[in-house]
Structures are given as structure tokens and as C-alpha cells.
Amino acid sequence: MRNAALTLGVIAGIIGMMVGFAGYGWAELTLRHAELAQVFGPLENPALVQAAAILAPLLAIAGGAMARARALLGGGLLLASAAGMWHAFGFNVFTMFPIAFAAAAGLLALAAGRPDEPKAHF
């Protein structure tokens with residue numbers, strides 16, 4: 001289950017990066033060219049979209065990478081990534097796979113059978 005969480009988390013982060021590039025670019029474009037926002041409609045919160053475009057894929061990749069060694073922390077990061085993508089970008093055809101992959105990976109990491117081994121940090 002931890003390997004599946006790792007794989008799904010990294011895939012969610014990579015696809016989330018593509019969504020994040022588009023979201024960040026659109027937010028920046030509508031801030032610089034107000035006529036685009038008038039034609040296509042303004043974003044409700046461009047700062048949230050820009051922050052989530054950076055943080056959500058980062059949390060997915062970091063959570064996936066942590067899932068093997070620290071399943072509880074990795075699962076929490078993966079679920080936070082899924083929630084951040086959903087809140088900032090909504091659930092649509094472009095975001096359904098990164099959200100679903102991150103959420104599934106988070107649940108798999110949290111449901112991993114054996115507890116984390118106690119390890120020294122250094």
C-alpha cells in the first residue's frame with residue numbers, strides 16, 4: 001500500500017503541476033490584461049489560485065515520497081494536496097485525476113497496515 005501511495009502521489013503531483021502551470025498563468029494573465037477578465041470572467045481569488053498552483057503539487061510529490069517511510073505524515077500531505085486542488089481549481093475534467101490520485105494515495109498511506117518504525121532524525 002505504501003508503494004501504491006508513493007506512485008499515485010508522484011503521478012498526482014506531476015499532473016497537478018500541469019494544472020498549476022495553467023492556473024498560475026491564467027491568473028497572472030488576467031491580472032495584467034483586464035480585458036481578458038472582462039471577456040472570459042475574472043477569477044474570484046487569483047492569489048489563492050496562484051498559491052495552490054505551487055503548493056498543491058508540491059504537497060502531493062512530497063507526500064508521495066514520504067509515504068514509504070512516514071505513512072501518516074505522507075498521507076496527511078497527500079490529502080491536504082487533494083483538498084487544496086479541489087478548493088482552488090474545483091473538480092472538473094482537468095483536475096479529476098490529480099485530485100482522485102492524491103486522495104486515493106493519501107487514504108492508502110493512512111491505511112498502511114504496519115505502523116511507522118521509530119527512527120532517529122539524524
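# Questions on the predicted model

Visitor: Does Pro57 count as buried or exposed?
Guide: Pro57 has a relative accessibility of 3%, to be set against a scale on which buried means under 20% relative accessible area, exposed over 50% and partly exposed in between, with a 1.4 Å probe and protein chains only. This is a predicted model, in which local features need pLDDT of at least 70 and side-chain atom pairs count only at pLDDT 80 or more, while totals for chains, interfaces and linings use all residues. Residues are numbered from 1 along each chain as its sequence is written, and side-chain values use heavy atoms, with hydrogens and water left out. At its 3%, Pro57 therefore counts as buried.

Visitor: In which element is the place of Pro57?
Guide: Elements are DSSP runs numbered from the N terminus, where a helix is a run of H or I of at least four residues and a strand a run of E of at least two. The C-alpha atoms of Pro57 and Val19, 38 residues apart along the chain, are separated by 9.0 Å. The place of Pro57 itself is in helix 3.

Visitor: How many helices and strands does the secondary structure of the chain come to?
Guide: From the N terminus on, the elements run α-α-α-α-α, and the C-alpha atoms fill a box of roughly 55 × 30 × 20 Å along the principal axes. The secondary structure thus comes to five helices and zero strands.

Visitor: What share of the 122 residues in the chain do buried residues make up?
Guide: Two examples are Ala27 in helix 1, with a relative accessible area of 0%, and Gly63 in helix 3, which is likewise buried at 0%. Over the 122 residues of the chain, the share of buried residues comes to 33%.

Visitor: Which residue does the side chain of Arg32 meet in a salt bridge?
Guide: Side chains of opposite charge can pair when their charged atoms come close. A salt bridge is taken here as a side-chain nitrogen of Lys or Arg within 4 Å of a carboxyl oxygen of Asp or Glu, and the count comes to one. Arg32 counts as exposed at 62% relative accessibility, and its partner, which lies four residues away in helix 1, about one turn of the helix, counts as partly exposed at 23%. The N to O distance is 2.9 Å, and that partner is Glu28.

Visitor: Which residues line the largest pocket?
Guide: A pocket is found on a 1 Å grid over the protein atoms alone, as an open set of points where a 1.4 Å probe fits, with protein on both sides within 12 Å along at least five of seven lines, and lining residues have an atom within 4 Å of a point. Grid points are joined across faces, edges and corners, and the volume is the space filled by probe spheres set on the points, which gives about 200 Å³ for the largest pocket. Helix 1 (2–32) and helix 4 are the elements that give two or more residues to its lining. The lining is made up of Val19, Ala22, Gly23, Trp26, Leu43, Val49, Ala88, Phe89, Asn92, Phe94 and Thr95.

Visitor: How do the residues of this lining divide into nonpolar, polar and charged?
Guide: Ala, Val, Leu, Ile, Met, Phe, Trp, Tyr, Cys and Pro count as nonpolar, Asp, Glu, Lys and Arg as charged, and the others, Gly among them, as polar. The largest share of the lining, four residues, comes from helix 1. The whole lining divides into eight nonpolar, three polar and no charged.

Visitor: Which residues form a nonpolar patch on the surface?
Guide: Phe94, in the loop between helix 4 (71–89) and helix 5 (96–110), is exposed at 64% relative accessible area. A patch takes residues with over 30% relative accessible area and no salt bridge, joining like charges within 9 Å and nonpolar side chains (Val, Leu, Ile, Met, Phe, Trp, Tyr) within 5 Å, with areas from the Shrake-Rupley method, a 1.4 Å probe and only the protein chains shown as cover. Together offering about 690 Å² of accessible area, the residues of this patch are Trp86, Phe91, Val93, Phe94, Met96 and Phe97.
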